[in-house]
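Hello,

Here is the structure I promised to pass on to you. Have a look at it first, and then read my notes below with the model open beside them.

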Amino acid sequence: MTQETVAPTSDAVLDREETISRDELEALQLSRLQHTVAYAYDRVPLYKRKFDEAGVHPTDLRELSDLGKFPFTTKEDLRLEYPFGMFAVPQHEVARIHASSGTTGRATVVGYTKKDLADWAKLVARSLRASGVRPGMKVHNAYGYGLFTGGMGAHAGAEALGCTVIPISGGQTERQITLIQDFKPDAILATPTYLLTIADAMMKQGIDPASTSLKYAVLGAEPWTEEMRHELETTMNLKACDIYGLSEVMGPGVAGEAVETQDGSHIWEDHFRPEIIDAFDPTVVLGDGEPGELVFTSLTKEALPIIRYRTKDLTRLLPGTARPAHRRMGRITGRSDDMIILRGVNLFPSQIEEIALRIPELSPHFQLELTRPEGHRMDQMTVRIERRETVTVETGVAAAKVLQQQIKIHVGSSCMVDVVEPGSLERSNGKLRRIYDMRPKG
């Protein structure tokens, strides 16, 4: 289906780079890309070693398609260079350091010069503006502050846009609700599952989540579905848009969704060059519209240039609409390293969310438990999901059978479904854990 170009809302003053043609944008990309690969080769020993081993040199990049000749960067590369081996500038030029949690291995560390921080703030501001936030609005920032890039990245972008920022951070849900009622913010920044936690807590207090001052929610840091968007918009009477980023590439603001179209996040291609590769054969670069793994090359970063970084996020590239020159990301279906292989069938938590939220009796709160019962060679998946407050136990049991059937039809694998009491599953205070793998190790 051909996408129509949609003009941005009239009160939005766009950056010049948001309005240039695709030809102008690609010329800018090539110039910046040629500089970046040479800069990384000269300043980061890892890149000099990887380029030399691959038999390529920065002068080999004569057109955009030549990027495919260069080697990938992986999270493991960043871990091996821990803490500062990837930095391209001396320590006194690094204005800030962020890092991953390190829960799945050694942390990855990223650095920013003052120019990097200014560019980051500009791109977050661009993303927020695309999602409906305007100068002068009060913005409730419920992303976590600290080494995680979300809180401070979103904060700086909202300030750069000219907003009043309420820096509450994640957690303390009761206090979040009090401040939303007292300070009357126009917009909220959070993960989608944590916004759902706030809405649930409001209802438990007898507060109608649709009665607050909130008009916009800019949500990221975890995959979410159109069904989750509908749930949040209906429950809270606001417009919910996606913001995408990852610390290794910059942080939030790599891409942002336009409120007038809500059709996927536009990648800010004046600062990042995206590619889609076959997740199982990374030598294959796929065309626009084909699903695969998202790869990013930075075009303007000083402290930590990143060349062909494998994000593990599974999506596809689509033509621009609200920002015609900048391609959009399709919804992220999952991460290649979060994929569950159940009896030979590949599935992601987002698929279960999409199916479950089409069944009115079931809530968005669910967990996936993977087990291998003693004496069995086959894995078992149990979907533990809460019924809605107004739904009886008997009706919940009937809904469980429907969900079980729908998963079999649409995913292709059998599973168990356990419908549990409302409020009995763990709630999100930031990024929510969906998968509980209890299979024996080894």
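Let me start with a single residue, S298, which has its place in strand β12 (residues 292-298). Please keep in mind throughout that this is a predicted model. Is S298 buried or exposed? Its relative accessible area is 0%, and buried means under 20%, so S298 is buried. If you leave aside residues up to four places away in sequence, the residues that S298 touches are T36, H271, F272, L304, P305 and I306.

Next, the nonpolar cores. In soluble globular proteins, nonpolar side chains tend to be buried together. The largest nonpolar core here has 68 residues, and the members that touch the most others are Y47, F51, L128, V133, Y244 and F296. Which helix gives the most to this core? That is α5 (residues 114-130), with six residues. There is also a second, separate core of 26 residues, and I168, I180, A201 and L219 are among them.

Now to the helices. Two packed helices are described by the angle between their axes and the distance between the axes. Take helix α7 (residues 173-183) and α8 as your first pair: their axes come within 10 Å and cross at roughly 75°. Angles of 65 to 115 degrees count as roughly perpendicular, and therefore α7 and α8 are described that way. On the α7 side, the contact is made by T173, E174, Q176, I177 and I180, while α8 brings Y194, T197, I198, A201 and M202. Sorted by class, the residues of this contact are six nonpolar, three polar and one charged. You may recognise I180 and A201, which are also members of the second core.

The other pair is α8 and α9. Their axes come within 11 Å and cross at roughly 35°, and the crossing is left-handed. Here P192, T193, L195, L196, A199, M202 and M203 of α8 meet M228, E231, L232, T235 and M236 of α9. This contact divides into nine nonpolar residues, two polar and one charged.

Helix α9 (residues 226-236) is worth a look of its own. Its buried residues are E227, M228, R229, E231, L232, E233 and M236. What covers them? The cover includes the helices α8 (192-204) and α10 (349-356), together with the strands β6 (216-219), β7 (239-246), β8 (251-257) and β19 (362-371).

Finally, some backbone details to find on screen. Just after α9 comes N237, in the loop between α9 and β7. N237 is not a glycine, yet its phi is positive, near 55°. With a relative accessibility of 53%, N237 counts as exposed. S169 also has a positive phi without being a glycine, at about 70°. You will find S169 in the loop between β4 (164-166) and α7. Its relative accessibility is 17%, so S169 counts as buried.

One more for your list: where is the cis peptide bond? It joins Y82 and P83, with omega at about -5°. P83 sits in the loop between α4 (75-80) and β1 (96-99).

Enjoy exploring, and do write back with any questions.

Best wishes

How values were computed:
Residues numbered from 1 in each chain as written. Predicted model: local features only at pLDDT ≥ 70, side-chain atom pairs only at ≥ 80, totals over all residues. Heavy atoms only, no water. Core = buried A, V, L, I, M, F, W, Y, C linked by side-chain atoms within 4.5 Å. Buried < 20%, exposed > 50% of the residue type's maximum accessible area, 1.4 Å probe, protein only. Helix = DSSP H or I, 4+ residues; strand = E, 2+ residues; numbered from the N terminus. Contact = heavy atoms within 4.5 Å. Axes fitted to C-alpha atoms, helices over the stretch in contact; angles between N-to-C directions. Left-handed = near helix turned anticlockwise from the far one by under 90°. Nonpolar A, V, L, I, M, F, W, Y, C, P; charged D, E, K, R; others polar. Parallel < 35°, antiparallel > 145°, perpendicular 65-115°, else oblique.
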